[in-house]
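Work through the exercises below with the sequence and the 3D view open. Try each task before reading its solution.

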Amino acid sequence: MIHKKVLELISDAGSKFEQLKPDQLCWIGDGVIRSNNESNALHELAHFLVAPKSRKRSVNFGLGHCPDDNRDIDSPMTIKPSNAQKEEELASVLGILYEKELNLKVRDYPLWKATYSEHGWHDHSSKMSFEDVVDILLKKGYLNSNKTPKNPKEILCLK
Ligand SMILES: [Zn+2]
């Protein structure tokens, strides 16, 4: 079950939610976030929010295949790999901040802490620190001054 608060955020972004089927991608650009869990749904929502308008309707936002998705589904990368990596980091941190904001839990453990580990934010060797990305999101206007994420409606007005 996806939490009502997650569905509300997705709806505030003008998108819909559907359960992911095995032969589907999470985002094919039709305005529907397809996912099996809350963490992934919020991550896709964050991708939708950070992607420029020109790529919001592209398969996987033009970022190419997810690293952990080895299925044979066409998903071209339409920007430079280094820029795709940066956008991936923005989406990762914004999604984690939504998980924290909504206070989502998995068996009494904060979901955002699990996602923080899963996305490798303990290890800064190959990318920016979590805090650096938070500052970028703040400068870009995605966060309130207390570093909590703004509502998607507010974020989409920025662009
Ligand atoms: Zn992603």
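Helices and strands here are DSSP runs, a helix having at least four residues and a strand at least two, numbered from the N terminus. The model is predicted.

**Exercise 1. Place N60 in the chain, then decide whether it is buried or exposed.**

Step 1. Locate N60. It is found in the loop between α2 and α3.
Step 2. Recall the cut-off. A residue is buried if 20 or more other C-beta atoms lie within 10 Å of its own.
Step 3. Apply it. N60 has 25 C-beta neighbours inside 10 Å, so it counts as buried.
Step 4. Check the backbone. N60 is not a glycine, yet its phi is positive, about 50 degrees.

**Exercise 2. Do the same for K147, and say where it sits and how exposed it is.**

Step 1. K147 belongs to the loop between α5 and α6, and α6 covers residues 152–158.
Step 2. Count its neighbours. There are 14 other C-beta atoms within 10 Å, so K147 is partly exposed.
Step 3. Look at phi. K147 is a residue other than glycine, and its phi is positive, near 70 degrees.

**Exercise 3. Describe the overall build: how many helices and strands are there, and in what pattern?**

Step 1. Count the elements. The protein has six helices and four strands.
Step 2. Read along the sequence. The pattern is α-β-β-α-α-β-β-α-α-α.
Step 3. Compare the radius of gyration with the globule rule. The radius is 15 Å, close to the 15 Å that the rule gives for 159 residues, so the protein is as compact as a globular protein of that length.
Step 4. Add the extent. The C-alpha trace spans about 40 × 35 × 30 Å along its principal axes.
Step 5. Add burial. Of the 159 residues, 30% count as buried.
Step 6. Look at the range of contacts. Take those between residues at least 6 apart in sequence: 53% of them join residues at least 24 apart.

**Exercise 4. Find the elements that cover α1 and α2.**

Step 1. Start with α1. Its buried residues are V6, L9 and I10. Seen down the helix axis, they fall within an arc of 100 degrees, so they line one face of the helix.
Step 2. Name their partners. The buried residues of α1 pack against β1, β2, α2, α3 and α6.
Step 3. Step past the helix end. G14 follows α1, with a positive phi near 75 degrees.
Step 4. Move to α2. Its 13 residues reach 18 Å from first C-alpha to last, close to the 18 Å expected at 1.5 Å a residue.
Step 5. Check how covered α2 is. Of its 13 residues, 12 are buried. Among them are E38, H43 and E44, alongside L42 and F48.
Step 6. Name what covers them. The list includes α1, β1, β2, α3, α4 and α6.

**Exercise 5. Which residues touch the most other members of the largest nonpolar core?**

Step 1. Take the core as a whole. It has 30 residues, and L45, A46, L49 and L94 touch the most other members.
Step 2. Trace its sources. The elements that give two or more residues to this core are α1 (4–12), α2 (38–50), α3 (81–102), α4 (111–118) and α5 (130–139).
Step 3. Zoom in on L45. Leaving aside neighbours within four places in sequence, L45 is in contact with L9, I10, A13, I33 and P152.

**Exercise 6. Show how β1 and β2 are joined, then follow L20.**

Step 1. Pair the strands. β1 (residues 16–19) and β2 run parallel, joined by four bridges. One pairing is E18 with its bridge partner R34 in β2.
Step 2. Sort the faces of β2, residues 32–35. I33 and S35 make up the covered face, while V32 and R34 make up the uncovered one.
Step 3. Go to L20, in the loop between β1 and β2. L20 has 17 C-beta neighbours inside 10 Å, so it counts as partly exposed.
Step 4. Compare sequence with space. L20 and R34 are 14 residues apart in sequence, and their C-alpha atoms are 4.6 Å apart.
Step 5. List the contacts. Not counting residues up to four places away, L20 touches C26, R34, S35 and N36.

**Exercise 7. Which residues does F61 touch?**

Step 1. F61 lies in the loop between α2 and α3.
Step 2. With 25 C-beta neighbours inside 10 Å, F61 counts as buried.
Step 3. W27 is 34 residues away along the chain, with 7.5 Å between the C-alpha atoms of F61 and W27.
Step 4. Not counting residues up to four places away in sequence, F61 touches W27, H47, A51, R55 and K56.

How values were computed: Residues numbered from 1 in each chain as written. Predicted model: local features only at pLDDT ≥ 70, side-chain atom pairs only at ≥ 80, totals over all residues. Pairing = 2+ DSSP bridges. Rg over C-alpha atoms; globule rule 2.2 N^0.38 Å. Contact = placed C-beta atoms within 7 Å. Core = buried A, V, L, I, M, F, W, Y, C linked by C-beta atoms within 7 Å. Expected span 1.5 Å × (residues − 1). Arc of directions from axis to C-beta.
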